[in-house]
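Student: I would like to learn how to read a model of this kind. Could we start with the ligand and then go on to the fold?

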Amino acid sequence: MSVQYIQYKGIKFPPGYNSVHSLCFAENKFEVRDDDIFNVTYPKSGTVWMTEILSLILSGGDPTWNQSVLNSLRSPWFSTRLGLETAHNCPSPRLLTCHLPIQIFPKAFFNSKAKLVYTSRDPRDVVVSYYYFTKMCRTYEDPRSFDQFLESFLSGDVPHGSWFDHLKGWMELEGRSNIFFISYEELKQNLQGSVGRLCHFLGKELDDAAITSVVENTSLEAMQRNKMCNSTMLPKELMDQEKGTFLRKGVCGDWKNHFTVAQSEYFDKVYQEKMQGVKGTFPWEQTGLVKRV
Ligand code: A3P
């Protein structure tokens with residue numbers, strides 16, 4: 001099925017929930033509150049996981065909210081038509097989710113005290129996860145093959161734009177006290193410690209029992225059981241559950257099961273070129289990808 005993507009500022013967005021108007025409104029008119037908490041990611045980097053973590057932290061570790069209210073209502077996608085309305089009606093402090101690149105992000109944020117959590121992930125695992133997601137999500141073009149999807153991903157010709165530009169844009173704000181950078185790999189490696197650091201950043205210190213509750217309720221297995229976040233409540237017109245599972249594997253390094261040697265070498269080459277000059281190191285650079293500084 002052919003999908004007509006929305007085009008906004010040179011980036012394509014899936015139709016349905018997005019419109020040029022909703023994106024333009026998000027960028028230019030969205031009113032940011034000083035106690036807002038933004039959950040920002042490139043697709044397939046752990047967005048829904050972070051929503052669960054942040055919701056539980058705000059609830060002091062009590063899972064009732066996570067288990068009784070849909071994630072899209074707990075942390076609305078404010079740059080979409082429906083999400084905007086939900087966001088307007090949310091009591092403070094609000095959790096807000098988006099995949100927006102920095103150049104389209106609400107301008108009002110940059111003069112506010114609102115906080116932002118940016119979660120990144122090994123781009124090789126992102127592209128694999130994205131490939132499967134586009135097969136089941138009906139507002140995305142069905143990819144012809146993994147090879148073709150990989151090519152589009154590396155050239156930035158996928159919905160939500162280039163992974164490289166997204167990461168590089170947001171990384172420019174590293175060091176700001178109201179922005180917290182974390183990776184999917186750090187969450188996987190040490191969820192307890194990561195939750196503790198997030199609590200500290202949010203100024204919401206939880207005791208050990210509450211942190212343990214956050215960790216237990218955000219395990220892949222707990223989330224797979226929770227209808228409020230496992231995507232099974234989404235309408236069939238949007239998500240075809242017969243074509244895959246949203247909470248698919250939840251591991252690091254699944255790319256090794258999908259990339260050929262040639263694809264891996266090509267990916268490394270493009271990564272080196274595009275990441276040249278980017279400061280800092282990322283967890284996935286310890287497992288293959290090396291940037292030339
Ligand atoms: P996989 O497709 O590799 O399994 P997003 O929410 O940004 O769309 O990201 C979805 C990816 O995050 C999926 O990756 C999903 O399985 C993974 N994920 C979500 N919750 C997780 C959890 N609790 N633990 C590990 N991975 C999780």
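Student: Which residues come nearest to the ligand?

Tutor: This is a predicted model, so everything here is computed. A residue belongs to the surroundings of a ligand if one of its heavy atoms lies within 4 Å of it. Here 18 residues are around the ligand, and those that come nearest are Thr-47, Ser-129, Tyr-184, Lys-249 and Gly-250.

Student: How many residues of the shell are nonpolar, polar and charged?

Tutor: Sorted by class, the shell holds 7 nonpolar, 7 polar and 4 charged residues.

Student: Which helices supply at least two residues of the shell?

Tutor: Helices α2, residues 47-58, and α12, residues 220-225, each do so. The largest share is that of α2, with 3 residues.

Student: Which polar backbone or side-chain atoms lie by the ligand's nitrogen and oxygen atoms?

Tutor: For polar contacts, look for pairs of N or O atoms within 3.5 Å. An oxygen atom of the ligand is 3.0 Å from a backbone N or O atom of Ser-45. On the nitrogen side, a polar backbone atom of Thr-218 lies 2.9 Å from a ligand nitrogen, and an N or O atom in the side chain of Trp-49 lies 3.2 Å from a ligand nitrogen.

Student: How much of the ligand's accessible area does the protein cover?

Tutor: On its own the ligand has 570 Å² of accessible area, and the protein covers 97% of that.

Student: Now the sheet. What is the order of its strands?

Tutor: Read strand order across the sheet, not along the chain. The order is β4-β3-β5-β6 in an open sheet of 4 strands, and the pairing is parallel.

Student: Why is one side of β4 and of β6 left without a neighbour in the sheet?

Tutor: Strands β4 (95-98) and β6 (179-183) stand at the edges and have a single partner strand each, so one side of each has no neighbour there. On average, neighbouring strands are turned by 20° against each other, direction ignored.

Student: How many bridges join β3 to β5?

Tutor: There are 5 bridges between β3, residues 37-41, and β5, residues 115-120, and the two run parallel. One bridge can be followed by residue: Ile-37 has Lys-115 in β5 as its partner.

Student: Which helices pack on this sheet?

Tutor: Among them are α8 and α10. Helix α8 (163-171) touches β3, β5 and β6, and its direction makes about 140° with that of β5. Helix α10 (191-202) also touches β3, β5 and β6, at about 170° to the direction of β6.

Student: Where is there a cis peptide bond?

Tutor: Check omega. The bond joining Ser-92 and Pro-93 is cis, with omega about -5°. Pro-93 sits in the loop between α5 (81-89) and β4.

Note on methods
Residues are numbered from 1 along each chain as its sequence is written. This is a predicted model: local features need pLDDT of at least 70, side-chain atom pairs count only at pLDDT 80 or more; totals for chains, interfaces and linings use all residues. Side-chain values use heavy atoms; hydrogens and water are left out. Two strands pair if DSSP finds at least two bridges between them. Axes are lines fitted to C-alpha atoms, for helices over the stretch in contact, and angles run from 0 to 180 degrees between N-to-C directions. Contact means heavy atoms within 4.5 Å. A polar contact is a pair of N or O atoms within 3.5 Å; within protein, one must be able to donate a hydrogen and the other to accept it, and residues adjacent in sequence count only if both atoms are side-chain atoms. Accessible areas come from the Shrake-Rupley method with a 1.4 Å probe; for residues, only the protein chains shown count as cover. Ala, Val, Leu, Ile, Met, Phe, Trp, Tyr, Cys and Pro count as nonpolar, Asp, Glu, Lys and Arg as charged, and the others, Gly among them, as polar.
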